[in-house]
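Dear colleague,

Please find below the structure that I am handing over to you. My account of what was found in it follows directly after.

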Amino acid sequence: MSVIDATVLPGPEAPIDKGGPNQPLLIVKDLKKHFPVRGGILGRNKVMVQAVDGVSFSVRKGETLGIVGESGCGKSTTARLIVGLIEKDAGEIIYDGEGLGDVLSLRDLRRGVQMVFQDSYASLNPRLTIEDSIAFGASVQGLSDPLGRAHSLMARVGLDPARFAQRYPHEISGGQRQRINIARALAMSPRLVVLDEAVSALDKSVEAQVLNLLADLRAELGLTYIFISHDLNVVRYISDRVLVMYLGEVVEVAPVDAIWARQAHPYSGSLFSAMPSMDPDTRTKKPPLTGDPPNPINPPSGCRFHTRCRYAEAVCKTRVPALQPIAAAPDHLAACHLHDLSSGHEKAGKEGLL
Ligand code: SF4
């Protein structure tokens, strides 16, 4: 294990833990973000896309929360709301016990919460050298010795400062660029790092190296991660808990082993059944997901999944299911009426759900 320069992390300028170890680092309550788009004939009407609609969850200190769901389910919008890149329409973001816009300023939130994006090249300024890219944020925030931080972090993410400090983003590989983006995020001494498809564009061998680097950094620096990915195997490898989103809502949250053993929401079941497996013994009885997600401009009433759910009953079309613990598993939550309906429960149980 490499040694980190004492001037870098979690140095005296790192944000102070204001709550006890049991207080979640991040709490999101009823978060909403609707984007206006042009609709109707000739695009004359303004309609709203309900990208994130009432999302609530918490992230414990030191854990990795994986967020999964189909493209367009709202996971990246949720990530951008959490780091303050876009403004919420409603809801609360509470970081380390302080509410954004209440006690917590956007500047303080951005010190504590950093983000790494999928596109490693677009994330970097092509006109800045690698060392300047890493040092820039720390310099703007007034942190001490930004260049010293940059060099220490380059070494920590596996890039020799003597070779890479003066290079430009187009002169290095995608894997090296993503290491630079991770170093750039860490230069701000964050406690929470949001990784939005951060390894998705990498070759499999490079992806494994970056995942191991992220796991090492989390252990060494006491970091907390939100890890967004469409790749369930990667999410399983790095996450402690998994949150499943569908059409702007949270439909299931559970410890990683629990949700891999048994999905409590039909959407999660279909999502997991689509995972490729070379092992014939692990082939699932659960039906694959069919059809496209409904239009987020006008989502279905009641349970938003009812138009694609093989277990849907009358109540599903009219009543919104609450996200609540399933029987005998207080930390496994699902938003599905099946858990209250014995007939559907029985049918789903036969197919390995619930
Ligand atoms: Fe399917 Fe009804 Fe559960 Fe929604 S609430 S997932 S429609 S069974």
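In this predicted model, K32 stands opposite A90, a residue of strand β4. The two strands concerned are β1, which covers residues 26-39, and β4, which covers residues 90-95; they run antiparallel and are joined by five bridges. Both belong to an open sheet of four strands, whose order is β2-β1-β4-β5 and whose pairing is antiparallel. At the edges of this sheet lie β2 (45-59) and β5 (98-99), each of which pairs on one side only.

The aromatic contacts deserve a separate paragraph. The count of aromatic pairs in the model comes to four. One of them is formed by Y246 and F305: the ring centres are 5.0 Å apart and the planes meet at 85°, an angle over the 60 degrees required, so the pair is edge-to-face. This pair links distant parts of the chain, since Y246 belongs to strand β9 (residues 241-246) whereas F305 lies in the loop between α10 (266-273) and α11 (314-318), 59 residues apart. Are these two residues buried or exposed? Y246 has a relative accessible area of 2%, which is under 20%, and is therefore buried. F305 is likewise buried, with a relative accessible area of 3%.

F305 also forms an aromatic pair with Y267, again edge-to-face, with 5.4 Å from centre to centre and 70° between the planes. Y267 lies in helix α10 and F305 in the loop between α10 and α11, so this contact ties together parts that are 38 residues apart in sequence. Y267 is buried as well, at a relative accessible area of 0%. Together, Y246, Y267 and F305 make up one aromatic cluster.

A contact of another kind involves R167, whose charged end sits over the ring of F164 at 4.6 Å from the ring centre.

I turn next to the spaces in the model. The largest pocket holds about 550 Å³ of space. Its lining consists of 23 residues, and those nearest the centre of the pocket are Q114, F136, G137, R184 and M188. Which elements supply at least two residues each to this lining? They are α2 (106-112), β6 (113-116), α3 (130-140) and α6 (174-186). The largest share, six residues, comes from α3. By character, the lining of the largest pocket divides into 13 nonpolar, seven polar and three charged residues.

As for enclosed space, a search of the whole structure finds one cavity of 30 Å³ or more. The largest cavity contains about 100 Å³ of space. It is lined by 13 residues, of which P266, C303, C309, C316 and C336 lie nearest its centre. The lining of this largest cavity comprises ten nonpolar and three polar residues, and no charged ones.

Yours sincerely

Note on methods. Residues numbered from 1 in each chain as written. Predicted model: local features only at pLDDT ≥ 70, side-chain atom pairs only at ≥ 80, totals over all residues. Heavy atoms only, no water. Pairing = 2+ DSSP bridges. 1 Å grid on protein atoms, 1.4 Å probe; cavity = no way out; pocket = protein on both sides within 12 Å on 5 of 7 lines; lining within 4 Å. Points joined across faces, edges and corners; volume = space filled by probe spheres on them. Nonpolar A, V, L, I, M, F, W, Y, C, P; charged D, E, K, R; others polar. Phe/Tyr/Trp six-rings, centres within 6.5 Å; stacked < 30°, edge-to-face > 60°. Buried < 20%, exposed > 50% of the residue type's maximum accessible area, 1.4 Å probe, protein only. Lys NZ or Arg CZ within 6 Å of the ring centre and 35° of its normal.
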